[in-house]
Amino acid sequence: MPKPEVLILSPNRPDQMAQLDTLYTLHRLDLAKDPAALLAEVAPRIRAVVTTGGRGITAAEIAALPALEIVATSSVGTDAIDLAACKARGIAVTNTPDVLTDDVADMALGLILMTRRRLVDGHAYVASGDWAQKGPFPLTSALKGKKVGILGLGRIGQAIADRCLPFGLQIGYTARSAKANDFQFFETPEALASWSDIFVAATPGGADTKHLVSAKVIEAIGPNGTFINIARGSVVDEAALIDALKGGRLGSAGLDVFASEPKADPALTQLPNVSLSPHHASGTVETRDAMAQLVVDNLAAHFAGAALLTPVL
Ligand code: 8YV
């Protein structure tokens with residue numbers, strides 16, 4: 001029985017790639033000098049695709065793979081996967097929830113601390129000699145007692161809330177519906193933003209949440225407020241974000257995701273009141289290994305005719 005043939009759009013972790021290589025015939029579109037030629041040769045035989053959150057797979061690519069049975073992504077986000085095209089063909093889709101929740105929530109708290117306590121500026125202040133030349137670093141603002149508004153209280157949003165409580169932060173949130181908790185629920189992102197000192201985007205990406213953090217929401221966070229994004233760049237109106245940060249109508253921003261990646265807009269990245277991270281919230285060895293193993297295990301389940309571990313479709 002020939003091994004199932006698998007198309008790699010974006011590589012997995014080394015150990016997991018080695019596992020895939022023993023189980024399947026792999027075709028590395030990510031490394032191909034002539035991707036069109038590779039696809040022309042192998043497309044009719046491809047039964048599975050491995051991808052990541054940023055790479056996804058387009059409707060055109062799906063249409064070019066007539067034997068495709070499953071798309072396994074090493075990400076919790078599926079916004080770069082054309083789910084409608086997969087659903088129309090009965091193609092299974094799996095992702096990697098839960099294993100990355102803690103790291104992503106940690107990154108949100110890291111960005112809150114980095115931005116509100118100006119840790120990047122403080123580092124530069126010492127390293128540049130400014131401390132000796134200019135005296136004490138300017139005072140910042142205490143976290144304790146501040147209000148954190150979380151946009152989207154799913155697994156990651158809830159983990160962020162859990163981490164905020166020991167810092168003495170008050171929690172508010174908005175979501176499709178109120179949940180059974182002691183946090184303050186707000187019907188709209190704008191109402192939440194008006195209440196918040198720190199506004200954290202923790203929603204999935206995609207068409208349903210595009211620019212959910214609008215110019216009005218950004219203005220509602222206000223000149224002493226902070227916007228934190230560990231979701232997707234598409235969730236915020238980035239042009240409005242830049243304008244509000246430049247005009248002092250938003251105090252600061254801590255960002256792990258951007259409208260354009262990896263070449264984030266310099267009009268944003270060069271501002272003095274932003275803290276930046278290269279879409280790295282799940283970027284630890286332990287978590288990326290766990291995500292990669294879920295890809296391997298989901299493919300194994302599929303080809304064994306067993307239930308998928310983390311199905312999206
Ligand atoms: C990954 C992510 O950085 O899980 C997601 O949706 O965006 C991140 O965990 C990305 O998908 C690369 O694997």
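**Pocket lining, nonpolar cores and backbone features**

The second largest pocket is lined by 19 residues, with Thr 115, Arg 116, Arg 118, Gly 251 and Ser 252 nearest its centre. On a 1 Å grid over the protein atoms alone, a pocket is an open set of points where a 1.4 Å probe fits, with protein on both sides within 12 Å along at least five of seven lines, and lining residues have an atom within 4 Å of a point. The model is predicted: local features need pLDDT of at least 70 and side-chain atom pairs count only at pLDDT 80 or more, whereas totals for chains, interfaces and linings use all residues. Residues are numbered from 1 along each chain as its sequence is written, and side-chain values use heavy atoms, without hydrogens and water.

Two or more residues of the lining of the second largest pocket come from each of helix H5 (101-116), helix H6 (119-127) and strand S12 (274-276); helices (H or I, at least four residues) and strands (E, at least two) are DSSP runs numbered from the N terminus. The lining comprises six nonpolar, ten polar and three charged residues, where Ala, Val, Leu, Ile, Met, Phe, Trp, Tyr, Cys and Pro count as nonpolar, Asp, Glu, Lys and Arg as charged, and the others, Gly among them, as polar. Arg 118 lies in the loop between H5 and H6 and has a positive phi, near 55°. Arg 118 counts as partly exposed because its relative accessibility is 32%, the range for that class lying between buried (under 20%) and exposed (over 50%; 1.4 Å probe, protein chains only).

The largest nonpolar core (buried Ala, Val, Leu, Ile, Met, Phe, Trp, Tyr and Cys residues joined through side-chain atoms within 4.5 Å) has 29 residues, and Phe 199, Val 213, Phe 227, Leu 241 and Leu 268 have the most contacts inside it. Helix H11 (238-246) is among the elements giving two or more residues to this core, and H11 gives the most, with five. Beyond four places in sequence, the contacts of Phe 199 include Leu 151, Leu 192, Val 213 and Phe 227, contact meaning heavy atoms within 4.5 Å.

Apart from this core lies another of 28 residues, including Leu 111, Cys 164, Ala 202 and Met 291. Cys 164 is buried, at 0% relative accessibility, and belongs to helix H8 (residues 155-164). The buried residues of H8 pack against H5, strand S6 (147-151), strand S7 (170-174) and S9.

A cis peptide bond, with omega about 5°, joins Glu 261 and Pro 262.
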